[in-house]
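Dear colleague,

Please find below the structure that I am handing over to you. A summary of what was found in it follows.

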Amino acid sequence: MLSINARTRYCAVLGHPVRHSASPAMQNAGIAALAKDWRYLAYDVNPDELRQAIDGAKAMKFIGLNLTVPHKLLAVEMVDAIDPRAKKWGAVNTVVFETKVSGKWVPLGTVEGFEAGEVRSHGYNTDADAIVQSLLEDFSWTTLRGSSVLLLGAGGAARSCALRLAEEKVGTIYLINRTKEKAVQLGAEIAKENSKVNLKYEYQAATVDMVINGTSLGLKASDALPIDLDWLKARKPKRVYDMIYRPAETALLKEAKKIGCKTANGLGMLLYQGARALELWSGDKAPIKIMREALVREVQGV
Ligand SMILES: NC(=O)c1ccc[n+]([C@@H]2O[C@H](COP(=O)([O-])OP(=O)(O)OC[C@H]3O[C@@H](n4cnc5c(N)ncnc54)[C@H](OP(=O)(O)O)[C@@H]3O)[C@@H](O)[C@H]2O)c1
């Protein structure tokens with residue numbers, strides 16, 4: 001990696017808290033592989049100051065930002081322009097700073113030696129496609145079409161996952177959340193756009209192709225299982241995916257493995273959302289292998 005100098009440009013992840021983030025390790029490895037004189041930093045930003053932080057990064061001509069908990073939903077109203085899909089998912093996890101070249105907005109990261117000119121923030125969501133890519137790859141699946149999925153959670157991550165699964169034309173989604181009203185509200189949003197998806201809010205009698213944990217249960221060793229263990233043992237879904245990647249094997253994944261389910265954690269989701277962000281900033285193809293290795297080293301220490 002080149003040493004920092006007056007031409008070095010910056011990207012960052014903003015979160016609250018942010019110390020746990022694996023994105024700097026992954027993105028700096030990707031940036032170095034692309035031979036960019038950029039650095040990727042991490043900032044703990046209070047939600048009350050998110051707008052100032054985004055505007056500050058814009059004023060300092062950052063290349064781009066990633067946003068993590070709890071900023072993704074808030075940022076929808078704070079960017080100058082928003083990608084239609086980010087608007088649809090209701091969450092922004094990537095900001096691209098852009099300037100005008102020959103009357104067209106282009107990423108600052110693609111403009112060599114940019115020093116002055118109009119800059120805008122453009123919000124994207126790279127999470128939703130990343131989860132689909134990770135599910136297909138981790139379970140060696142060619143299509144999600146027609147499958148039945150039990151989705152636990154209705155927060156930011158589960159929400160974009162559910163809307164994106166509906167786009168993939170899954171057959172049935174069981175939307176299960178501690179606060180049931182949120183699941184029902186999410187179901188209503190899905191039904192508005194994809195009337196063919198079968199939506200259910202109870203799972204005791206269900207048999208499904210895949211369970212996805214999109215709740216935060218499993219982050220701590222003391223957490224309860226996000227699902228009824230008797231149901232899991234009786235119904236033996238073929239695949240169990242946990243969006244959590246640290247710990248690499250949650251209690252849910254351990255139990256699922258014991259009864260013979262294929263399991264995967266959220267590392268692939270994290271990788272692909274980050275890789276797509278780097279592509280949006282740079283206009284280059286992301287070095288996936290290098291970014292994956294850096295991520296695994298950071299998260300699993302191997
Ligand atoms: N791999 C990745 O790249 C990636 C990306 C984003 C998120 N994630 C992971 O996905 C999970 C959700 O993140 P998020 O951003 O969606 O968070 P969020 O918006 O805060 O949503 C949290 C979800 O967990 C549920 N929940 C929290 N505590 C619970 C409890 N004690 N019992 C039952 N349900 C509980 C919430 O239910 P209520 O609605 O009832 O509060 C809600 O559905 C986190 O573990 C996060 O680490 C992974």
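Helices here are DSSP runs of H or I with at least four residues, numbered from the N terminus. By that count, helix α1 is followed by A35, whose phi is positive, near 60°. Please bear in mind that the model is predicted.

Helix α1

This helix covers residues 23–33 and is mostly covered, with 8 of its 11 residues buried. The buried residues of α1 are S23, P24, M26, Q27, N28, A29, G30 and I31. Which elements cover them? Among them are the strands and helices β1 (9–15), β2 (38–44), β3, α9 and α10 (288–300).

The largest pocket

The largest pocket has a volume of about 1500 Å³. It is lined by 47 residues, and those closest to its centre are V69, A157, G214, S216 and L219. Three elements, β3 (64–67), α5 (156–167) and α9 (267–282), give two or more residues to this lining. The largest share, 4 residues, comes from α5. Two of the elements named here, β3 and α9, also appear among those that cover the buried residues of α1.

How do the lining residues of the largest pocket divide by class? There are 20 nonpolar, 20 polar and 7 charged residues. Both domains take part: at least three lining residues come from domain 1 (9–125 + 268–300), and at least three from domain 2 (129–265).

The second largest pocket

The second largest pocket has a volume of about 370 Å³. Its lining is made up of 15 residues, and R7, R9, W38, E112 and G113 lie nearest its centre. By class, this lining has 7 nonpolar, 2 polar and 6 charged residues.

Residue P107

Finally, I would draw your attention to one residue in a strand. P107 lies in β6, which runs over residues 104–107. Is P107 buried or exposed? Its relative accessibility is 18%, and P107 therefore counts as buried, since buried means under 20%. Leaving aside residues up to four places away in sequence, P107 touches V96, F97, E98, L280 and W281. P107 and T8 are 99 residues apart in sequence, while their C-alpha atoms are 16 Å apart in space.

You may wish to look at α1 first in the 3D view, then at the two pockets, and lastly at P107.

With kind regards

Methods: Residues are numbered from 1 along each chain as its sequence is written. This is a predicted model: local features need pLDDT of at least 70, side-chain atom pairs count only at pLDDT 80 or more; totals for chains, interfaces and linings use all residues. Side-chain values use heavy atoms; hydrogens and water are left out. On a 1 Å grid over the protein atoms alone, a cavity is a set of points where a 1.4 Å probe fits but cannot get out, and a pocket is an open set with protein on both sides within 12 Å along at least five of seven lines; lining residues have an atom within 4 Å of a point. Grid points are joined across faces, edges and corners, and a volume is the space filled by probe spheres set on the points. Ala, Val, Leu, Ile, Met, Phe, Trp, Tyr, Cys and Pro count as nonpolar, Asp, Glu, Lys and Arg as charged, and the others, Gly among them, as polar. Domain bounds come from an automatic or database domain assignment. Buried means under 20% relative accessible area, exposed over 50%, partly exposed in between (1.4 Å probe, protein chains only). Contact means heavy atoms within 4.5 Å.
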